[in-house]
Amino acid sequence: MKKITKEDIEKVDPSKKDLGKNWIKVGMSTCGVAAGADEVYAALIDEAKKRNIEIDIRKCGCQGACSVEPLVEVNVEGLPKVLYGRVTKDVAVTILERHVRNKKLLHDYIFEIN
Amino acid sequence: MYKMIEAKINGITVEVKEGTTVMEAAKKVQIKIPTLCKHPDLPPSAACGLCIVKVKGSNKMLRACCTPLEDKMEITTNDPDIVEVRKTVLELIISNHPNDCLKCGRNGNCELQSMAADFGIREDVFGKFLRDIPIDSSTGTVVLEPSKCILCGRCIEVCQNMQDVWALSFLERGLDTRISPAGDIKLSESPCVKCGQCSAHCPTGAIFEKDDTQLVWDALKNQDKYCVIQIAPAVRVAIGEAFGATGKNLTKKLYALFRRMGFKAVFDTNFGADVTIMEEASEFVERFVHKKSELPLITSCCPAWVDFMEKFHSDMINHFSTCKSPHEIVGTLSKTYYAEKAGVDPSKIYMASVMPCTAKKYEITRSDEMFASGYQDIDVAITTRELARMIKQAGIDFMNLPDEEADSLLGDYTGAGVIFGATGGVMEAALRTAYNLVTKKELEDVNFVNTRGLEFIKEAEIDIEGTKVKIAVAHGLSHVEEVLERVRQAKKEGKEVPYHFIEVMACPGGCVGGGGQPYNVTDSLRLKRASAIYQDDKEKTVRCSHNNVYVKKLYKDFLGKPLGEKSHKLCHTEYKARPIYVR
Amino acid sequence: MEKKIIYIRDTDSAQKERINDYFTLFSNELRDANLLEQVQLVKVADIGLYEKGVAVKIIPENIVYSGIKTTDVKEIVEETIRGGKIIKDLLCGKKSKQLRAVLKNCGYIDPESLEDYIAAGGYKALVKVLTEMKPEAVVEELKKSGLRGRGGAGYPTWMKWNFARGMNSPEKYVICNGDEGDPGAYMDRSVLEGDPHSVLEGMIIAGYTIGSTKGYFYIRAEYPLAVERVQKAIDQATSAGLLGNNILGSNFNFELEIRLGAGAFVCGEETSLIASIEGKRGTPHPRPPYPSVKGLWGKPTIINNVETLANIPLLIAGGGTKFASVGTEKSKGTKVFALTGKVKNSGLVEVPMGITLREIVYDIGGGIINNRDIKAIQTGGPSGGVIPQEFLDTPVDYENLGKLGSIMGSGGMIAIDDTDCLVDLAKFYLEFCVDESCGKCAPCRLGGYQLLQILKKISGGNGELEDLNRLKKISYAMQKASLCGLGQSASNPVFSTIRYFEEEYKRHIVDKKCPAGKCKALISFKVISEKCKKCGLCMKNCPANAITGSREAGYIVDSQKCIKCGVCFDVCKFKAVMKE
């Protein structure tokens, strides 16, 4: 890894932090992993590739709502940011197809919307 | 320069050095704070929770044993609230301790028992919770009874830090915490060197000397046996403590005692010490003057030290004096020289010894050389504490006995012989004779005061006719390493060794502070015992071993010359490296 | 008209069917208004608030209405959807009571990416410290902030750092205490797993401030993912030049190493933790000397909890004064809690100090499962106590919780309802403490055991009134005479449950009844013949063959054989099995 300089850090404006327009984040702390987030993450990566769906799939830490893990947060242009709870492998596939590709929300798994 | 602080304890102003604990400071103003874990020899372990006190401005209670007094502190060491908490803690400790007092080795001198008496404990307030942990008597010297342990941590502090042996440690945790050698092996398989310091510091009956008194009674009862006995130098100045007399030399009462108990002859280990000096000083001269083998010479009369060396410092075997301990020399001579002179069948002789030491129980069968007379040279070794019990059982008013003398053949001793009992004593005794061996002259002043006292490592340079003899004296096994490392370093670098002669005693203070001595030892008690020994030395007309008439007679009539063939056979031994852990 | 979405949710989980009624109502209204094409109607599991009743959120305006009635539906469709007007009476004015500061990156950035952390403003505080602040200035900022240790005791962080800074020693150490061990608490784990660099940054700043070049992460081995992420973070920081020599071109050197805890709760106590790092038996040592004077390897050492360290970058970046603007007079900033127990939405919450317990439980946690009554809140884990419901409006800070006989602790917070037995709760914590006592000192080792025996006796139906005095007596002695925090506080759960719920103890002791139905020895099952439909399900399911009878005669429970498993109670479809 290249050395980071003071300037590299100073020039960052966190308020402009841009995750891009289309992304999925999977909560991958112990609470998530214990509930099966590993599987969900892998399914998202595999299935997105298989189905030719272009979306940035990332890991993140605990979002707090540990009782409804695994949590998957989805941001797709044109739709609000949605946090899905109790996501399984199958739900993950549905998220890709329905939410990401067809821009429709999955009713039963929405935990929070912003 | 220390900073002084001023504080109030129970309203009494006390001024102490910064860093002084509340407990120490309280003691200065005659306030006693109860504890079961803090021992004056040892740093606080803060295990028992009895020494709690209140400090103004805090609603917590502090532990007096480990809390340094601070400037302007106002301490209360006693009020009904504190007493109540202490009593509860004590009741808790008792709930985990068997009510075995009547059958316990510490009955009458147990710290827990007397604390229970002080607090007026009359019932088991809480449900009894006893631990079923097997007794370990595998070493035949000290016995571990962990079910009586209150986990004060003294033995572990002693074993690991004071003695650097690391035989004992805490195992498990919480309620299952117990003292044991690491890995749950037997003590005999552990690095234990049998010094017995653990037993001397234990507040309860969890660690005690293996009781061999019955063997002595049985022998005395046996018409076939010709019982003889010897006492070590340190015993005579400590046995009085069991009868209310501190720092008193009771040699002559002991002689009288043994005859009344039925011993046919009474010998003195001090005589053996004089013989040891003849041999050891000669060894030193061989090495120092005639360069027959390497310097330094290291003393070997302490069996715990010998065991420690064989386990941890076996590279030093060549430096070890091969001379047996005084105790063993008297043993072997009793079944050869004495038997011959007195016309007694040596197979009938039963040799008992009274030692300040638990390791002596191990020494009597340590190696084949301990059977040099053709029999086991010493049949039984008991400690000062065991002797005290025997005296009481015998119903003898010990303190009021008339004085008697020992049987001269193996009983007459010099000032050099008796100082073996204190740290530095062997060194001093050896130097007195070595001086004579080298110069053929007598010393004008036989006192080598540099070797005396409780400093853990003492160094001195002695001038023998213009040649400097560099010596070191160490006591407390944790202080040995430093001395030996200096020797190793010099040898490695090809430099002249820093010392020519090294004395090591396993127990702090030397034998006066031995692991078999009466309980509650402190440095001030060690000094009192030692000063009684030095007083004995001072009062002796003969103060050098080579001038002991009976030693001379021994060599003339029996042994020949020091380091001669016969003395080699009877009075010397060998060493070997031993595994630290036996599997 | 812009396309809209209406999210609809019933926050009352007991009402399983009602949501569908509202869904239909809205659909009908929208159809009638001819708006179905423009509006998508969505049923959701949650919309981030926990009011009682039905709530809707209208996107993109982000309007939230709560507690709506069937009669409101028409108005919402007409006024807001079509007319674009806000109906003030229905508006849910409350915004989230949470304040995510320490957790701001958790769930936001990729914890395994240094770039992500930096992009979120990470390591700016370090740059600030290294370029423009002297160690004294850092301490000054900490002092201004009023930050207190988040590990439980709440010792002012600046004082700890200042002591260590003032020590003249060439070697000093910084330790991050990640030996989180309270049952049910996982705040530190989440921070270490979700935002490890923030803790690293805090440690580097600590090192710079006290003049240390070496730090240790002490993390319990049961947190393998945290260990993995922290190790990754250390590796990244090292190769990026944020750890090692001449950090960011300054002359400051600092390195970090992980040490694993071996599963002893007491190793979260700082002197035990130090012993553990040194390879010794993990038992506490008397203080003073405090670690900031004589700590690891005998050198001045500061030990801070994960959350405390994660606060450091925030505090430095934003300044101490800003940090101190949140919180109460003596407790500043935010606190992360692991909210669990009988609360609807359990999880990790971060709140400003001074928020009330009620707000945490009801506004954030959504209230109690099945809308039962809350009985108490347990804070501080095995070292804490219970706070009965009458004190729910107490603002949460170190002092207030202490006054109520509990502690802030590291952040465990358990909601207790009327189906929980407090004798049982005290027993649970005592069991934990007895198990985890290091065994070194008598009051804790034996006091804990004896307390547990008495509690077992009481819950077993053999209690006597005198036992209450015994419990108090032992608890007091443990508090006063134990050496370390674990022992001193191990009796807190007993002390505080007796303080507030002595009646419940007495019911166990005198009436031999467990009001919550938890203590097996004190409950019995009975078939109520009037309600029994004689289906025989209870008999069929009883694992102990304790239920006998027939379809004709009905069924009875043999209390001698009954193992109190409760299966009959659970399987009975007619509520004909009674538990008492």
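**Strands, helices and contacts in a predicted three-chain model**

In chain C, C:Ala338 stands opposite C:Leu348, a residue of strand 10 of chain C. The model is a predicted one, in which local features need pLDDT of at least 70 and side-chain atom pairs count only at pLDDT 80 or more, while totals for chains, interfaces and linings use all residues. Residues are numbered from 1 along each chain as its sequence is written, and chains are lettered from A and ligands numbered from 1 in the order in which they are written.

Strand 9 (residues 334-341) of chain C runs antiparallel to strand 10 of chain C, and 6 bridges join them. Strands (E, at least two residues) and helices (H or I, at least four residues) are DSSP runs, numbered from the N terminus; two strands pair if DSSP finds at least two bridges between them. Strands 9 and 10 belong to an open sheet of 5 strands in chain C, with the order 10-9-13-11-12 and mixed pairing. At its edges lie strand 10 and strand 12 (385-388) of chain C, each of which pairs on one side only. On average, neighbouring strands of this sheet are turned by 30° against each other, direction ignored.

Strand 10 (347-352) of chain C also appears among the elements that give two or more residues to the side of chain C that touches chain A. This contact takes 44 residues from chain C and 34 residues from chain A, two residues being in contact if their C-beta atoms, placed from the backbone, lie within 7 Å. Helix 7 of chain C gives the most to the side of chain C that touches chain A, with 4 residues. By class, that side of chain C holds 22 nonpolar, 13 polar and 9 charged residues. Here Ala, Val, Leu, Ile, Met, Phe, Trp, Tyr, Cys and Pro count as nonpolar, Asp, Glu, Lys and Arg as charged, and the others, Gly among them, as polar. Of the 2 pairs of chains that touch, chains A and C have the most contacts. Chain A and chain B do not touch, and their nearest C-alpha atoms are 29 Å apart.

Helix 7 (residues 187-194) of chain C also packs against helix 9 (residues 224-239) of chain C, at an angle of about 35° and with the axes 8 Å apart. Axes are lines fitted to C-alpha atoms, for helices over the stretch in contact, and angles run from 0 to 180 degrees between N-to-C directions. From helix 7 of chain C, C:Arg189, C:Leu192 and C:Glu193 meet C:Leu225, C:Ala226, C:Arg229 and C:Val230 in helix 9 of chain C. The residues of this contact comprise 4 nonpolar, no polar and 3 charged.

Chain B is divided into domain 1 (4-78), domain 2 (94-206) and domain 3 (214-571), with bounds that come from an automatic or database domain assignment. The centres of domains 2 and 3 of chain B, taken over C-alpha atoms, are separated by 30 Å. Their contact takes 18 residues from domain 2 of chain B and 21 residues from domain 3 of chain B.

Chain B also has a strand 3 (residues 52-55), joined by 3 bridges to strand 4 (residues 61-63) of chain B, to which it runs antiparallel. In this pair, B:Lys54 stands opposite B:Met61 in strand 4 of chain B. The hairpin of these strands of chain B has 5 residues between the strands, and B:Gly57 takes a positive phi near 95° there. Strand 3 of chain B pairs as well with strand 5 (residues 74-76) of chain B, in the antiparallel sense over 2 bridges.
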